[in-house]
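Student: I would like to learn how to read a model like this one, feature by feature. Could we begin with the ligand and then work outward?

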Amino acid sequence: MTTERKDAARATAADASRRHYSRSATSVGPKRKPSKAATSRVSAIVQALENWYGLPEAGRIDPIDLLVQTILSQNTSDLNSGRAFSALRSAFPDNLGLLEAPLERIAQLIRPGGLGDMKAARIRSALERIEEDFGRVDLSCLADMPLSQARQYLIGLPGVGPKTAAVVLLFAFGKPTMPVDTHVHRLCRRLGLVPEKASVQRTQELMEAVTPPGKYLSLHLNLIRHGRRFCRARSPNCDECPIRALCPYPEMAASGQKD
Ligand code: SF4
């Protein structure tokens, strides 16, 4: 592509983003249909990311495992939380055994992931509540619940917030939800998919409304990959970014509209 054509493509991305941005703030939401411009912009980004990173594959993961993993991942690195989860599951491979395990033992096993006492108590409370509600430590009945009902149930569990609930619903059941971690939040704002000041919660609502059916997992995972590889929090590598033509950030940064 010539320099002039690249510049034209970037200008188009910035214009499209501004249209999307202004409409997003008013017309996109969980109860309203998103604009055509918004959905086609997201579709183009999904496709461009898949072209670069591939189509992510994720087999269904046990929802209790996911719940425990996401509680363990709070305020620590993936490496540390992965170690804590492996240690916990090696000692207590089945859910009932985990529910009945001494709290101090759980805290000791997960301590490498940080906040061992607090996370052990959260895991225990969540598993107890599930057992009380369903008669066993099993969340498979969420598969048949509507998204909003399943989400409400999970958020009502001790230690479970909207992100943890979205992770469980997306990865265990393939429900159309968008977990928003730090990478997804940053990229959605830089790409102009949500307003600059959108909270994590609002970003989740807006992205759930505009993501094409069947692309929630792909977009979520590829945004994280892209955030780690090119679009880092400090000094994003816009010059080599494979989706730069779809991103308004470099032009807005150059004109002083972004930090
Ligand atoms: S690296 Fe730059 S061009 Fe690429 S998505 Fe991030 S802000 Fe946009």
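**Reading the model**

Tutor: This is a predicted model, and we can start at its ligand, which is surrounded by 13 residues, the closest being Cys231, Cys238, Cys241, Cys247 and Tyr249.

Student: What classes of residue make up the shell around the ligand?

Tutor: A shell can be sorted by residue class, and in this case the shell around the ligand has 10 nonpolar residues, 1 polar residue and 2 charged residues, with cysteine counted as nonpolar in this scheme.

Student: How many helices and strands does the protein chain have?

Tutor: The protein chain has 13 helices and 0 strands, so that, read from the N terminus, its elements run α-α-α-α-α-α-α-α-α-α-α-α-α. Of the 259 residues in the chain, 38% are buried, and among contacts with a separation of 6 or more, 64% join residues 24 or more positions apart.

Student: At what angle do helix H2 and helix H12 pack, and how far apart are their axes?

Tutor: A helix pair is described by the angle and the distance between its axes, and for H2 (residues 36–53) and H12 (residues 216–229) the angle is about 60 degrees, with the axes 10 Å apart. The crossing in which H2 passes H12 is left-handed. On the H2 side the contact is made by Val46, Leu49, Glu50 and Tyr53, while H12 contributes Ser218, Leu219, Asn222, Arg225 and His226. By class, the residues of this contact comprise 4 nonpolar, 3 polar and 2 charged.

Student: Which residues of helix H6 are buried, and why can they be placed on the same side of H6?

Tutor: The buried residues of H6 (residues 103–110) are Ile106, Leu109 and Ile110. They lie on the same side of H6 because they cover an arc of only 85 degrees around the axis. Among the elements covering these buried residues of H6 are helix H3 (63–72), helix H4 (78–91) and helix H7 (116–134).

Student: Turning to a loop, is Pro146 buried or exposed?

Tutor: Burial is read by counting neighbouring C-beta atoms, and a residue is exposed if 12 or fewer others lie within 10 Å of its own. Pro146 has 9 other C-beta atoms within 10 Å, and is therefore exposed. Pro146 is found in the loop between H7 and helix H8 (147–155).

Student: What separates the C-alpha atoms of Pro146 and Lys175?

Tutor: Here one compares distance in space with separation along the chain: Pro146 and Lys175 are 29 residues apart along the chain, and their C-alpha atoms are separated by 9.0 Å.

Methods. Residues numbered from 1 in each chain as written. Predicted model: local features only at pLDDT ≥ 70, side-chain atom pairs only at ≥ 80, totals over all residues. Axes fitted to C-alpha atoms, helices over the stretch in contact; angles between N-to-C directions. Helix = DSSP H or I, 4+ residues; strand = E, 2+ residues; numbered from the N terminus. Left-handed = near helix turned anticlockwise from the far one by under 90°. Contact = placed C-beta atoms within 7 Å. Near = placed C-beta within 6 Å. Buried ≥ 20, exposed ≤ 12 C-beta atoms within 10 Å, placed from the backbone. Arc of directions from axis to C-beta.
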